[in-house]
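Could you open the model in your viewer and keep the selection panel within reach? We will walk through it stop by stop.

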Amino acid sequence: MAEAAVTFLLQKSDNWLSKELSLSDDVKVGIKRLNSELSMATAILKDLDAQREQSNQIQQWIRLLQGVTYEIEDVLDMRAYQISHQNTHWRIGAWSRIGNHSIGSLIKEIEANITSIKDMRTSNEKTVSPHPASTSSAHHESGIAPLYTPEGEIVGVEEQREELASWVLDLERAYKVMFVVGMGGSGKTALVKLVYDQLKTDFDCHVWLTASKSVSSEELLSIMLSKLCNKTAQRSVNPSQALQDLASTLNNYLQDKRYLIIFDDLWTTEVWDGVKYVLPRNNCSRVIITTRRGNIASSCRESWVDVHRIQALPLRKARELFRRRSIPQSSVFPSAKGQSLWVEKILGKCEGLPLGIIEIGKVLSREKSESELKKLHDSLQVEVASGQLSSIGRLLLLSYDDLPYNLKCCFLYMSMFGEYYLVKRRTLIRLWIAEGFIPTTNGKQVEDIAEEYLQELIERNLMQAGEQDFDGRPQTCRVHTLMHKIALSKSETEKFCTIWTNHRCEISEQTRRLSIQNTEFTMANKDMWHLRTLFACLNTKTAIRISSGFKLLKILHLDGASVDSFPSGIDELLLLKYLCLSNTRIKLIPSSIGRLQHLETLNLKHTFVTAVPNALTKLAELRHLLICRYNFNGYLSFDEVIGFNVSTEISKLTNLQKLSFVRADHKLIRELTKMKELRKLGIIDLPSNSGPILCEAIQILKDLYSLNMTSLHMEEVLNIQGIDNPPPLLQRLYLKGRLEKMPQWISKLHDLVRIRLKWSRLRQDNNPITILGELPSLLELQLLDAYKGDRLYFHVGRFPKLKILDFDQMEELTVIKIEDRALPCLQKLIISRCQNLRRIPLGIENVTQLKELHLGPMPPHFVEPIRRNGRMRRLVEHIQKIYSTPLRNGPPCPPEDLS
């Protein structure tokens, strides 16, 4: 990430020049001159980055460059602070050596350092090979070893092998391509090699090609020609003509043949694009590509392209592989209880990754004492980075090194969270934005760009999706435990962040980000002017008092910290952009919060805050205001959401994108029309007579993609019939309260993917299915006490994309019927508290793609027939997961597995 620090500074210096920081003309000229130098230095440093492990001198220069970069940032941030607080008497004279330097002299110093780095590169070119060996050796390890692994030593791939072999032998399609995708060391090559060796003789010709990072498409075609035709590509003065001749020769050779071609370890889309057009698509030929980069597979939209994602080894298979590698002559784990416990813990860190299991198995091939095993467990990060498990680190680092600098920053941010920690997607995105990792572009929201960054990191197999939302996006994400070790190691090397786990941790003047994990940390009387980001993760027992030494802090994330009241000192953090106090016990927000003029995110979810001061409306840059608490007592209740009161002057926050959940009044609803940037709105306690002005406001908010409306109480009518032109981009709609009839404007929501109707109590002549079935993009439908009719029929051609269907508390409902070939995409069906429903839906046996059936509290006459050996069991045999929650008084019980 050598170029990251410089390029990141390049972006920030542009921002500095655009701000009114009262900089002298000389300093502004200096920053512009620095921009020019930095642009050239970025390309140089990118080349040097691959050589950093070979040159301590280059590492030293980059550290010096980063240090001076931080010092310039400190001076400029302090100037920004002084402008935000005109009466401050805080002086910078006591700050390290920054106090003795002007901004201009520091610019000259960093220019001198860049010049030295460029001079060093000129010197290095005479002594250093232009192709560093460090990455190529890792590629060699990752590509060669699996090819020569005996079949008997490959464990846990039986099902995947059968699936892939079946795909190869399937003759339905004339030509097919399979991308086998997985993180480094997941066994992609070993799996494909098994299938290749098993089936290659079934084809007219076959070839195995390694497409590593350094191989171009032309080189790959030349190797293919040599292996298939026993020919060497002819050299030509005209490279373009030579490539055309090569492609033509190969295409002609393969034209009438059924071929099997393997491209192992593909790294770039360009290489595949340069090869795929040479391959004739006929004769039931097969191409298999192994890659870590799922984004390459995702970019291929052709109908003949399939994707197989490698699955982690289950624990039983992981133990088997470990036994074979660590105890070849035995089939048992260490017998001593203490030894066995530590082996299990170490094995757990591998999370089913064959590479990790094999390498750790080698280290444990000789018997180790309990204390030795504990030491290995506790020092796993060091061992993976540079110790006896460094082969794991080298292979996993290839994926990190392949990232562009902006994604490297986003990936390293995961080191701020603890091992196994599931980070909420939206939280992570807001943090990335506050850090400045996400560039701003015309016509595109930074949140949308951040979503793309996250998706790319997941597809590159550097991050993992946790629980997925109904639309396929992850609700949470994390990194594999061994990859987390890589992130920690790189963060430490790059001085990206400091993890405070005990009192022996070192916090230097270059510490920009501090994450407090599983320990206490007193903030009082600490001088941390260099700090910009502070985390106190969940379950940290932290006494919160922000001292004046934290004044340049920009991100404060105290989710779940032990806080009873709004921490004192926060109102002095005048540069703060992100403040999270969610899952704390605070009740009041002081008026002094109005001083935080740069605040973009204020997260007070799951606190006891029910009102915000008028001063909050001074926060002109606020984009996300999240305040709500859920009163959940086992089952959904009408008043489960507890929102907050806010002044009508909230309309001054014209940059606000998310506002939830706010309590309604007439004046507030009128003011909403001024908040045209709103994308998500949650509003509760709506009286029926507010309908006309509410409908007018909603029609003006054209950018809304999520709308949540709740009436004043369960019997109050939700008066929303008067909308003629609903927000065209609306994707999520939540309506809670009585509806006199089904709103006709919903039929215009062609992008709607989720709708939840709760306590609508529509009459029998207002069947909601009539309108909702026509929505072309709908993926999820929930009906909770939404319809008073006794029958619901699902006809062919309706709900073309529906994946999740949820019925709850539909007390009058007696029959659900699904026509043959109706609901073609339904995957999950939920039925709960429908006491009069006679039986499972008629026609459910024809919904063959249904994967899950969840039954909430339902009467015995409904549940008993679908139990094992029940009279209707045959109708649900195709459903993989069936769960039933017992019907009883008191709190809900864990569901019973009827699968």
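In what order do the 3 strands E6, E7 and E8 lie in their open sheet? The order is E6-E8-E7, and the pairing is antiparallel.

Before we select anything else, a word on the ground rules. This is a predicted model, in which local features need pLDDT of at least 70 and side-chain atom pairs count only at pLDDT 80 or more, while totals for chains, interfaces and linings use all residues. Residues are numbered from 1 along each chain as its sequence is written, and side-chain values use heavy atoms, with hydrogens and water left out.

**Stop 1: the open sheet**

Select 423-424 and 464-465. These are strands E6 and E7, the edge strands, each of which pairs on one side only. Strands here are DSSP runs of E with at least two residues, helices are runs of H or I with at least four, and both are numbered from the N terminus. Two strands pair if DSSP finds at least two bridges between them. Now add residues 476-478, strand E8, which is joined to E7 by 2 antiparallel bridges. Show side chains for glutamine 464 and arginine 478 in E8: the two stand opposite each other.

**Stop 2: an aromatic cluster**

Stay in this region and select Tyr413, Phe417, Tyr421, Phe437, Phe496 and Phe535, which form one aromatic cluster. Rings of Phe, Tyr and Trp (its six-membered ring) pair if their centres lie within 6.5 Å; planes under 30 degrees apart count as stacked, over 60 as edge-to-face and the rest as tilted. By that rule the count is 14 aromatic pairs. Zoom in on tyrosine 413 and phenylalanine 437: the ring centres are 5.7 Å apart and the planes stand at 85°, so this pair is edge-to-face. Tyrosine 413 lies in the loop between helix H18 (405-412) and E6, and phenylalanine 437 in the loop between helix H19 (425-435) and helix H20 (446-459), so the pair ties together parts that are 24 residues apart in sequence.

Are these two rings buried or exposed? Tyrosine 413 is buried at a relative accessible area of 0%, and phenylalanine 437 is buried at 4%. (Buried means under 20% relative accessible area, exposed over 50% and partly exposed in between, with a 1.4 Å probe and protein chains only.)

Next, pick phenylalanine 417 and phenylalanine 535. Their ring centres are 5.2 Å apart with planes at 65°, so this pair is edge-to-face too. It links distant parts of the chain, 118 residues apart: phenylalanine 417 is in the loop between H18 and E6, and phenylalanine 535 is in strand E11 (residues 533-536). Phenylalanine 417 and phenylalanine 535 are both buried.

**Stop 3: two charges over rings**

Select arginine 258 and phenylalanine 203. The charged end of arginine 258 sits over the phenylalanine 203 ring, 4.1 Å from its centre. (The rule asks for NZ of Lys or CZ of Arg within 6 Å of the ring centre and within 35 degrees of the ring normal.) Then try arginine 286, whose charged end sits over the ring of tryptophan 167, 5.7 Å from its centre.

**Stop 4: strand E23 and its partners**

Select residues 780-784, strand E23, where 5 of 5 residues are buried. Glu780, Gln782 and Leu784 point one way, while Leu781 and Leu783 point the other way. In a regular strand the side chains alternate between the two faces of the sheet. Add strand E22 (residues 754-758), which pairs with E23 in the parallel sense over 5 bridges; arginine 754 stands opposite glutamate 780. Strand E25 (residues 804-808) also runs parallel to E23, joined by 5 bridges, and there aspartate 806 stands opposite glutamine 782.

**Stop 5: the nonpolar cores**

Which residues have the most contacts inside the largest nonpolar core? They are Ile746 and Phe807, in a core of 117 residues. (A nonpolar core is a set of buried Ala, Val, Leu, Ile, Met, Phe, Trp, Tyr and Cys residues joined through side-chain atoms within 4.5 Å.) Helix H23 (residues 691-700) gives the most to this core, with 5 residues. A second, separate core has 70 residues, including Ile360 and Phe496.

**Last stop: leucine 826**

Leucine 826 is in the loop between strand E26 (815-818) and strand E27 (828-832), and is buried at 0% relative accessible area. Beyond residues up to four places away in sequence, leucine 826 touches Leu802, Ile804 and Val847, among others; contact means heavy atoms within 4.5 Å.
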